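Visitor: I would like to learn how to read a fold from its strands, helices and buried residues. Could you take me through one example, feature by feature?

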Amino acid sequence: MAMDPDAVKSTMQNLAFGNVMAAAARNYQKEVLAQEKAQTSSSVNEEVDLDELMDDPELEKLHADRIAALKREAEKRQSLTKKGHGEYREITEGDFLGEVTGSEKVICHFYHREFYRCKIMDKHLKSLATSHLDAKFVRLDAENAPFFVTKLGIKTLPCVVLFRKGIAGDRLVGFQDLGGKDDFSTRKLEALLIKKGIIEETKKDDDEEGEYDESRRRTVRSSANHDSDSE
């Protein structure tokens, strides 16, 4: 059977078009693979750049400076701890001069062991001593230190005297700077001492430290003496 020339021509054209489309598809696939390879190569280069960045002398210097600062801070804390900072300690009249001149900032509570308000002040100062290493916290029984009680003109207890470089400056007499009531918080005392510049602001937990519970407050309110005790 004789083939129709036009049909043969049409078939050949279709085959040629199919080959062209197949070639185009192959070329497109190659381009896609090439782009993916280029992106992968770029990612590798980025990782290399980050590695190079980590070796940057400036970053190394910053890291070294930070380590040095932490080391200095640790050494400072250790030095202050050796001087008695970080705790609330009992001292004697014989210790007094050495203690108040041995640190830049000292908070000294002159107390009487029988006065209830002195016990309240003790509780708050003990709480603050552990979180404020920048100052030394001590207490001195006023009955056993008559010379310094007279020298400093202490008439009312509790009396908290603030020393800077061995020199007596501000003082807290009774609770008159704390609202005049027994149920003040440790935070309130802390804020007052910060305002007077004897301790520095520190980061604290949200919980209120040194707050008395309701039963303690009832006990305080029922106390016969609500004013500061006098010698």
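Visitor: Let me begin with strand pairing: which residue in β5 does V106 stand opposite?

Guide: V106 stands opposite F163 in β5. Please keep in mind that this is a predicted model. The pairing of β2 with β5 is antiparallel and extends over six bridges.

Visitor: In what sense does β2 pair with β3, and over how many bridges?

Guide: β2 and β3 pair in the parallel sense, over six bridges, and within that pairing I107 stands opposite F137 in β3. Between these two strands the chain passes through helix α4, residues 116–129, and the resulting β-α-β crossover is right-handed. On β3 there is also a pairing with β1, a parallel one joined by four bridges, where I91 stands opposite L140.

Visitor: How do these strands fit into the whole chain, that is, how many helices and strands are there in the protein?

Guide: The protein has seven helices and seven strands, and along the sequence they follow the pattern α-α-β-α-β-α-β-α-β-β-β-α-α-β. Of the contacts with a separation of 6 or more, 69% are between residues 24 or more positions apart. Of the 231 residues, 30% are buried, and the protein exposes about 15,300 Å², with carbon and sulfur atoms supplying 52% of that area.

Visitor: When I look at a single strand, how should I read its two faces, and which residues point each way from β2?

Guide: The general idea is that in a regular strand the side chains alternate between the two faces of the sheet. In β2, K105, I107, H109 and Y111 point one way, while V106, C108 and F110 point the other way, and all are buried. The strand is thus mostly covered, with seven of its seven residues buried. Strand β3 is likewise described as largely enclosed by the rest of the structure, because five of its six residues are buried.

Visitor: Two residues on one of those faces interest me; is K105 buried or exposed?

Guide: With a relative accessible area of 13%, K105 is buried, since the cut-off for that word is under 20%. Beyond its neighbours within four places in sequence, K105 is in contact with H85, D134, A135, K136, F163, G197, I198, I199 and E200. K105 also illustrates how positions separated along the chain can be compared in space: K105 and L162 are 57 residues apart in sequence, and their C-alpha atoms are 7.5 Å apart.

Visitor: And what is the relative accessibility of I107?

Guide: I107 has a relative accessibility of 1% and therefore counts as buried. Neighbours within four places in sequence aside, its contacts include L125, V138, V160, V161, L162, L193, I198 and I199. For I107 and R164, which are 57 residues apart in sequence, the C-alpha to C-alpha distance is 9.0 Å.

Visitor: How do I read a helix in this way, and which residues of α3 are buried?

Guide: One can ask where the buried residues sit around the axis. In α3, residues 93–101, the buried residues are F96, E99 and V100. They cover an arc of only 90 degrees around the axis, which puts them on the same side of α3. The face turned away from that buried side carries the exposed residues G94 and T101. The buried residues of α3 pack against β1 (88–91), β2 (105–111), β3 (136–141), α5 (146–151) and β5 (159–164).

Visitor: How many residues does the largest nonpolar core have?

Guide: The general idea is that in soluble globular proteins, nonpolar side chains tend to be buried together. Here the largest nonpolar core has 21 residues, and those with the most contacts inside it are F96, C108, F110, L140, I154, L157 and F163. The elements giving two or more residues to this core are α3, β2, β3, α5 and β5, and the largest share, four residues, comes from β2. Apart from this core lies another, of 20 residues, among them F137, F184, L189 and L193.

Visitor: Which residues does L140 touch, not counting those up to four places away in sequence?

Guide: L140 touches I91, T92, E93, F96, C108, H109, F110, Y111 and A145. Two of the residues in that list have already appeared in other roles: I91 as the residue opposite L140 in the pairing with β3, and F96 as one of the buried residues of α3.

How values were computed. Residues are numbered from 1 along each chain as its sequence is written. This is a predicted model: local features need pLDDT of at least 70, side-chain atom pairs count only at pLDDT 80 or more; totals for chains, interfaces and linings use all residues. Side-chain values use heavy atoms; hydrogens and water are left out. Buried means under 20% relative accessible area, exposed over 50%, partly exposed in between (1.4 Å probe, protein chains only). Contact means heavy atoms within 4.5 Å. Accessible areas come from the Shrake-Rupley method with a 1.4 Å probe; for residues, only the protein chains shown count as cover. The arc is that of the directions from the helix axis to the C-beta atoms. A nonpolar core is a set of buried Ala, Val, Leu, Ile, Met, Phe, Trp, Tyr and Cys residues joined through side-chain atoms within 4.5 Å. Two strands pair if DSSP finds at least two bridges between them. A crossover is right-handed if, with the strands pointing away from the viewer, the path from the first strand over the helix to the second runs clockwise.
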